[in-house]
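User: I'm new to this one and keep tripping over the labels. Can we go through them together?

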Amino acid sequence: MEPRLKVSLRFFIVFLSILIYSTHISCFNLNLNNYTVFSGPEDSYFGFSVDFYQPSSKSISVVAGAPRANTSQPGVSRGGSVFMCPWTSSGESCQTLNFDQKGDENITFVEMLLMAHKSNQWLGASVRTYKNYILACAPLFHWNVLKKKDEAMNTPVGNCQLLDMETGNVVNYAPCRELYVERDYANYFRDRRYCEAGFTTDITENGRLIVGAPGGYYFQGQIITASLASIMSSGSAFSRSHSLSNETKTLQRHDSFDLYLGYSVAAGHFNKDTITDYVVGVPNDLHTAGSVKIISGATEPLQIMKAISGTQIASYFGHSVAVTDINRDGLDDILIGAPLFMEQLSTQKFREVGQVSVYLQRKGFSFSFKPNQVLTGIYAFGRFGSAIAPLGDLDHDGFNDVAVGAPGSGEGGQVFIYLGQSDGLTNQYVQLIESPFKTLKDPPMFGFSMRGGTDIDNNGYPDLIIGAWGASKAAVYRAQAVVRTQARVSFFPDLLNPEDKFCQLHQSSTFITCFIIMACISVSGHRIPEEIVLNTELQLDRMKQSMARRTLLLDSNQPYTYFELSVGRSSADVCRNFTAYLLPEFKDKLSPIFISVNYSLADSQDAVLHGQTVAIGQTRIILNCGPDNICIPDLRLKAVASTQPILIGDENPALLIIEAENQGEGAYETELYISPPAHTHYQGVVSNQEDFTHLACGQKKENGSVMVVCDLGNPMEAGHQLKAGLFFSMGGLEQVENHITFQMQIRSKNSQNPDSNLVQLQVEVNAVASLEMRGVSSPVDCVLPIAKWEQKDFPKDLDEVGPLVEHVYELRNMGPSPVNVKLTLEFPVSQNESNLLYVFANASEELISCQTDYSNIDPRGLVKLEPSSTHVHHFNKRDLSQKAEHEQQWQNTVHVNCSSGDQCLQFECEAAGLQRDERAIVRVMSRLWVQTFLKRPYVNFVLHSTAHYEVADVPSKIQPDVLPRGKAETHTNIVWRRPDGQEEVPVWWIVVSVIAGLLLLAALSTIFWKVGFFKRNRPPCDDDGEDVQQLSAEPNETS
């Protein structure tokens, strides 16, 4: 008889496995049963925009814009209004705020009449609050200027009004108002008559207003910023002309229009200074693929620092933007909505669902070329991503959370709640808020506007306002306290030996194998109730059917029990012990016995349970392991890196090949533990090779570190061998000295020799850089002379100089590593003290900054406040002049380049942290100095520019063996056309052509003679037959 297993009599806790089942939570901590509704006038679009108003000494209120509301303004129809709604749990009526009470206004200024029209101006289309200020904007506010018989036309320049709640003062801020009339706009390009300023707004943390004006500059769009203090001090009435100190704005570009810059705005920090920067949506950019521009708040005029590009045309990428620190790294992250994004189904058809792209800011103030995360809508035409609202830390887990509006989803609109975590947002929403307004005739558009991050009921958790302008309503959802629990299940003894029978069944003489189950629970959370009562359920051998369970509770002979457990907020673990036993007879002795504890809140009015709601432990039945009944495994582990070396910036995952073997007895609950380097993420296992075992692996935390754990078998039998491959993606390689280290070990639950040898696998890390550069001239050829060109010895503006000539260079990082690169561009401007190309602006750039001698930029001061555009002259046969009486002699082509001593303008540029596949673009804009070339007629010129690049270093501790360098060149041809538009045919061409023709004729004649062409008989015809008969008759007569 085999000896029994000796068991210790003292209690100890062994965790065989604790599994946390995270089920979908349809109701998180925003209370969906007890929300507050505020209503505005019917069909007023109340709730089109919303915000919290929180004065320093008073309770919090809700501010809602109603841009279609009627007001008491004389002669004004549906001018729009803004409502203040004091918050109570039952909801109170809203009061109209005292914004502009005047009707249309006329202002006389010298010979001009300035007219302000306020009907249908949409006051309240955007509202924002800051301390004691409330801002309301009317993007369709119209403005007109009449001057004698000319006018500017009645157009929507937009207007914002700022209300000081302490003094009651209201001031107007219409930054796009001008004094020009139509004749003035015909001569200048600065046309902001359709600005729609106030279409979107935001206010920075230090009280600076950001105004989006997507209609400015022929709908190119514009961003305008000014401090609230400066606006308030500017005066309450409309001034004759707009002028405000400390105001900054973006300038007009001359390359494209209809971009809608300023369609959405947000504020954050995206460089090393302390000045707030601006995130701006441009949904019609890049041929409607859309983009988002990050604009430096420290520059004047405002300049674009970075750009994020959309990938799908007509998706309205940039319709909404939001800024918050999602992953708690101290850096602001960006969320971008594209509500018209279309996903491709398995049927190859497309469905419009909407999308939100998440870009996590990296150290060094950079962003990945692709989004770190993508959230996609689930309902067709749901407009998912129409609104994005940062919520603050909704559940007090240390990470900021986000709400995404989908006003076209469900029955009237939906809002999805996502939680922040270390690597972004949760992939699955944790709460879905359905529109409570479903019985209305028109779509409520619930979720079109949202505002979060403010605790309205003072319970320590931020709340959320959701507007439904189609119903002219807004709802306030309050967050409840979040109770987090930690539960564990343990056993004594940890393994069950059927031979050890120390317990006796009630009312029976039968001895059985029994064990103790200990269920322990603790609670924690921010401002949770003093005592938490949990409804608890204990289930034994829960993976088996009811009739097949192998364990029962000793006191009830049932496999389950229900009880209440009261846990104090400040108390330690609360535990309950239960005695269970093994049935005397059962078949399955191999599979583990799972025991679970499920619990829920007994009273959920003031709090919600989040996280772990079930704890599962497992125990095993001891099997035969030799004479001592104790299994002693001998686990062996080997590991190699298939990917050597790893390249910084390479997106391909690294492959580790693992070989495991058990040369001893059976190992129970055998697992492979891998501790990857920092910023390394487990991707999956090799599954397409026959000799590789497909392991089940997952990630878990151990002592604050993330571990990858793979199941190797339970038990891992004696003599068992396996080989597996695991993929890991690498990050943070910039801080690596020379290699990274994976630490791994096989562990089992056996009491003796449970673990394998410890393997430390070092993988070499290298940096490799590769770049390419190309240049292009626009246009490639300039044809002289230019038709109807009036030469002027002293040009007064750029149009009188000559056509526009641009040299553009694109420097692309082929990767894989990011680089810091320097670029020198040499651009020819004159030869022999004669102007050739007149540079009138500093080199414009993207992802690169350039410096030069600014005294050589527009030295004659020809650039006006808003320069007009000039179309490049293209060669056209209709422009040919009449042939000159005396033909001029053509001369050789003259090459002008910076290496031959000609005068050039040099630009020194730097691109810091250029990522893989990013392109740094430098553009030099100039005008061709036509009169210089007219002095030397019929002399062709080739104007060469050259750009040299050199990689300074790689932003990592490991540097490449070779730092790339190279150059590119482009040129512009100055070509003269002949007076008659035709090229002269040389005489020798004619002589050669005649001789060749005669030789060809002689050759053909010889060939025809050789084949008997000239000796052939003519074929007979009808007339020939009669002649033959007559000839044949003549001899008969003679005879």
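Analyst: Sure, let's take the labels one by one. This is a predicted model, where local features need pLDDT of at least 70 and side-chain atom pairs count only at pLDDT 80 or more, while totals for chains, interfaces and linings use all residues. Residues are numbered from 1 along each chain as its sequence is written, and side-chain values use heavy atoms, with hydrogens and water left out.

User: What makes up the secondary structure of the protein?

Analyst: There are 7 helices and 72 strands. Both are DSSP runs numbered from the N terminus: helices are H or I with at least four residues, strands are E with at least two.

User: How do you know what span to expect for helix H6?

Analyst: The expected span is 1.5 Å times one less than the number of residues. H6 covers residues 987–1010, which is 24 residues, and the expected value is 34 Å. Its first and last C-alpha atoms are 36 Å apart, close to that. After H6 comes Gly1012, with a positive phi near 80°.

User: Why is Lys293 called buried?

Analyst: Buried means under 20% relative accessible area, exposed means over 50%, and partly exposed is in between (1.4 Å probe, protein chains only). Lys293 has 11%, so it counts as buried. You'll find Lys293 in strand S21, residues 291–296. Across the protein, buried residues make up 50% of the 1039 residues.

User: What makes the link between Lys293 and Asp285 a polar contact?

Analyst: A polar contact is a pair of N or O atoms within 3.5 Å; within protein, one must be able to donate a hydrogen and the other to accept it, and residues adjacent in sequence count only if both atoms are side-chain atoms. The side chains of Lys293 and Asp285 are joined at 3.2 Å, so the pair fits the cut-off.

User: Why is Gln220 called buried, and what does its side chain reach?

Analyst: Gln220 has 3% relative accessibility, so it counts as buried. It sits in the loop between helix H2 (216–219) and strand S17 (222–227). Its side chain reaches the backbone nitrogen of Arg253 at 2.7 Å. Leaving aside residues up to four places away in sequence, Gln220 touches several residues, including Pro214, His254 and Phe257. Touching here means contact, with heavy atoms within 4.5 Å.

User: Is Glu918 buried or exposed, and how do you know?

Analyst: Its relative accessibility is 14%, so Glu918 counts as buried. Glu918 lies in the loop between strand S69 (903–914) and strand S70 (919–928). The side chain of Glu918 reaches the backbone nitrogen of Gln915 at 2.9 Å. Glu918 and Asn813 are 105 residues apart in sequence, yet 5.9 Å apart in space, C-alpha to C-alpha.

User: What makes a set of residues a nonpolar core?

Analyst: The members are buried Ala, Val, Leu, Ile, Met, Phe, Trp, Tyr and Cys residues joined through side-chain atoms within 4.5 Å. The largest such core has 58 residues, and among those touching the most other members are Val415, Ile433 and Leu464. Strand S38 (residues 481–492) gives the largest share, 6 residues.

User: How do you know where this core lies?

Analyst: Domain 1 (25–97 + 352–479) and domain 3 (482–621) both give residues to this core, so it lies between them. The domain bounds come from an automatic or database domain assignment. A second, separate core of 47 residues includes Met112, Ile134, Ala152 and Leu228.
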